[in-house]
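Trainee: I would like to learn how to read the features of a model like this one, step by step. Could you take me through the sheets and then whatever surrounds them?

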Amino acid sequence: GRVLHFEEISSTNTYLVEQAQQDAAAGTVCVADRQTAGRGRGGHAWHSEAGAGLYVSALLRPELSVSHALKISLAAGLAVQTTLEQSCGFHVDLRWPNDIVVPQPGAFSKKMGGLLTETGVSVEGQLRYAVIGIGLNLNHIEMPAEIAASATSARMITGRSVRREEVLVSLLHALSQEMILLVQDPEEILRRFTSKSGWALGKRVKVDEDEGYTGVTDGLDERGFLRVRLANGAIRTPRHGGVRE
Ligand code: BTN
């Protein structure tokens, strides 16, 4: 597909959702050196400093029903994990649903990236488009004070910088591979995510939803939602807000 590069943009996701609604072709990719209004999940802003991070969105038009929407996001996370492990050379984990985190010995994991997937649905319940937005902290020497305790970059871990173009090329390759697998066999993604995410099975987590609760993760349900087993044996499935340590 076409790769559109911007030095500066409000948000690659916002831009590509607009393009998707105006019939842009599947496979269109939008990448920016910096974003002035980068968006994260839950209405949060995404820190998008010039040159240090990779801010990219990809437009897909998979022939899937909306019931598979979350699986697209999980599949994209697997593509990011594969890419980072290959191009940066250290282990990254996937924190359900869409955080790229780096485990810290004896401390809470730090976030190195995140995904924001936005979909359009037809009246028949088929996906018209999915825009997958990926933000990765690559060459930051330090993180802004507000998030320094919970965020990191590839450079902060290895001491070396990585070439954003190289990460982008291998990411787009991994993403297309994952999407082919997803359309062939949507359920397979659930198994792959469960085996590749250290958070999916047997991890003690806190959930900041409703009254707040803790439990131990117990795999994914058929939609891709995380199952959390409470002390009394009951299963709850956190909504999109996610989980923490
Ligand atoms: C999150 O962790 O909350 C998701 C962050 C997603 C950030 C990326 S950067 C490229 C794309 N454009 C945006 O405005 N957001 C996503």
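Trainee: In what order do the seven strands of the open sheet stand?

Mentor: Strand order is read across the sheet rather than along the chain. In this predicted model, the order is S1-S2-S3-S7-S6-S5-S4, and the pairing is mixed. The edges are taken by strand S1, residues 3–9, and strand S4, residues 93–95, each of which pairs on one side only. Averaged over the sheet and with direction ignored, neighbouring strands are turned by 25 degrees against each other.

Trainee: Which helix packs on this sheet, and which strands does the helix touch?

Mentor: Packing is described by the elements in contact and by the angle between directions. Here helix H2, residues 69–88, packs on the sheet and touches S4, S5, S6 and strand S7, which spans 127–137, while the direction of H2 makes about 135 degrees with that of S6.

Trainee: In which sense do S5 and S6 pair, and over how many bridges?

Mentor: Strand S5, residues 99–104, and strand S6, residues 107–121, pair in the antiparallel sense over five bridges. As an individual case, aspartate 99 has glycine 114 in S6 as its bridge partner.

Trainee: Which residues come nearest to the ligand?

Mentor: A ligand shell can be read by proximity, by the elements that supply it and by residue class. Ser11, Gly40, Gly114, Gly133 and Gly135 come nearest among the 20 residues around the ligand, and Gly114 is the bridge partner of aspartate 99 that we have just met. Helix H1, residues 12–21, strand S3, residues 53–60, and the strands S6 and S7 each supply at least two residues of this shell. By class, the shell divides into six nonpolar, eleven polar and three charged residues.

Trainee: Is leucine 138 buried or exposed, and why?

Mentor: Burial can be judged by counting neighbours, with 20 or more other C-beta atoms within 10 Å as the threshold for a buried residue. Leucine 138 counts as buried because it has 22 C-beta neighbours inside 10 Å. Leucine 138 lies in the loop between S7 and helix H3, residues 154–158. Beyond its neighbours within four places in sequence, leucine 138 has contacts that include Ala52, Gly53 and Leu54, as well as Val162, Arg164 and Val167.

Trainee: How is the sheet of four strands ordered, and how do its strands pair?

Mentor: The same reading applies to this open sheet, whose order is S8-S9-S10-S11 with antiparallel pairing. Strand S8, residues 201–207, and S11 stand at the edges with a single partner strand each, so one side of each is left without a neighbour in the sheet.

Trainee: Which residues in the turns of the hairpins have a positive phi?

Mentor: A hairpin is best followed from its pairing into its turn. S8 and S9 pair in the antiparallel sense over five bridges, with lysine 206 opposite threonine 214 in S9; five residues lie between these strands, and aspartate 210 in the turn has a positive phi of about 50 degrees. Strand S9, residues 213–220, and S10 pair in the antiparallel sense over three bridges, and their hairpin also has five residues between the strands, with glycine 224 in the turn at a positive phi of about 105 degrees. Finally, two bridges join S10 to strand S11, residues 235–236, in an antiparallel arrangement, and in that hairpin glycine 233 takes a positive phi near 95 degrees.

Trainee: Which side chains of S10 point to the buried face?

Mentor: Along a strand, one looks for alternation between the faces. In S10, residues 226–229, Leu226 and Val228 point to one face and are buried, while Arg227 and Arg229 point to the other and are not. Valine 228 stands opposite threonine 217 on one strand and opposite arginine 236 in S11, whereas arginine 229 has valine 216 opposite.

Trainee: Where do the domains lie along the chain, and what forms their contact?

Mentor: The domain assignment gives domain 1 as 3–198 and domain 2 as 200–245, and their centres, taken over C-alpha atoms, are separated by 22 Å. The contact takes 17 residues from domain 1 and 14 residues from domain 2. On the side of domain 1 that touches domain 2, H2, S6 and helix H5, residues 186–196, each supply at least two residues, and by class that side has seven nonpolar, six polar and four charged residues.

Conventions. Residues are numbered from 1 along each chain as its sequence is written. This is a predicted model: local features need pLDDT of at least 70, side-chain atom pairs count only at pLDDT 80 or more; totals for chains, interfaces and linings use all residues. Two strands pair if DSSP finds at least two bridges between them. Axes are lines fitted to C-alpha atoms, for helices over the stretch in contact, and angles run from 0 to 180 degrees between N-to-C directions. Two residues are in contact if their C-beta atoms, placed from the backbone, lie within 7 Å. A residue is near a molecule or strand if its C-beta atom, placed from the backbone, lies within 6 Å of it. Ala, Val, Leu, Ile, Met, Phe, Trp, Tyr, Cys and Pro count as nonpolar, Asp, Glu, Lys and Arg as charged, and the others, Gly among them, as polar. A residue is buried if 20 or more other C-beta atoms lie within 10 Å of its own, exposed if 12 or fewer, and partly exposed in between; C-beta atoms are placed from the backbone. Domain bounds come from an automatic or database domain assignment.
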